[in-house]
Amino acid sequence: MKILLYALLGAALPATAQQTSGVIEYEMTARVEPGQMKIVRFGPGGAPLPADAPMPELPDIITTKQTLFFSGSKAKIETEGMTTNFMVTSPGGAQGQTVSAGGGTPSVAVGAPGVMKRPALRPPVSNTMYIDLAEKKYLTVTEEKKDSAVVGVWYTEEPYKQPGEFKTSGKTKTIAGYKCRRATVKVGDESFVVWYTEEIPVLFSPVNGVLPDKGVVLSIESSKRSYVAKKVTLQPVADTSVSLPANAQKVTPAELKEKRRQIIEKFHNEQLKRLQEAEAP
């Protein structure tokens, strides 16, 4: 009996030790090019400025938080809205306040003094990334909301990109309590310095195409962006919280992009109309 009991305990130990669910919190920093930002500019009285008006000075670095939730073969990424609260000044002395455009794309409204005194606005659209770890594909979900109620859910699929060649070295360091190995990877024209650990039983990288054969990337950096794990917690994660919404409609990437554009354009038009009506004499 004792021999049988020891054998059963021995078989159970690896499953207990290898927690296959948990949460990883990353700090994400991205270099923002002007073309990536939605700019909305207003002159005195709320009138839109002409397209050829001089551009205000905008920040080129945005820092936010990205969280990975994983359980078994499923995972979900949540990214805080990349909205940076800053004031900008146009050549005429007009000032403005940032307004979130949703989906991680900042939108800047530049207006006359006193025009943009409202708090930052959020359009009725949100984006969430799910991951099928077994099938190695990303599932991008977009939700449209009206009066806090979800009125539409769509998703599209994207397979993992062919991973770049990892050139490892003997260097190691500890990140968020885990021993990591250093490697360099080049994908297209972007070169990355990567630190990854094999001590967490899941295969993941914050950047598609920069994936080790085994383990989790806890730090990755290029000249354009960086992700650094600040906290790792191995704990139970509900399967429902990392599963694709049951009412999500599958569409093509082009259709999803157009759907987002329509929602955001409608939102900005409505906000512009309200602003002009509020400033009308």
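User: When does a charge sit over a ring?

Analyst: A charge sits over a ring if NZ of Lys or CZ of Arg is within 6 Å of the ring centre and within 35 degrees of the ring normal. In this predicted model, local features need pLDDT of at least 70, side-chain atom pairs count only at pLDDT 80 or more, and totals for chains, interfaces and linings use all residues. Residues are numbered from 1 along each chain as its sequence is written, and side-chain values use heavy atoms, with hydrogens and water left out. Here the charged end of K76 lies over the ring of F69, 5.7 Å from its centre.

User: Is K76 buried or exposed?

Analyst: Buried means under 20% relative accessible area, exposed over 50%, and partly exposed in between (1.4 Å probe, protein chains only). K76 has 12% relative accessibility and therefore counts as buried.

User: How many aromatic pairs does a search of the whole structure find?

Analyst: Rings of Phe, Tyr and Trp (its six-membered ring) pair if their centres lie within 6.5 Å; planes under 30 degrees apart count as stacked, over 60 as edge-to-face and the rest as tilted. The search finds three such pairs. One of them joins Y26 and F204: the ring centres are 6.3 Å apart and the planes stand at 50°, so this pair is tilted. Both Y26 and F204 are buried.

User: What is the geometry of the aromatic pair that Y138 and Y160 form?

Analyst: The Y138 and Y160 pair is also tilted, at 5.2 Å centre to centre with 40° between the planes. Y138 and Y160 are both buried.
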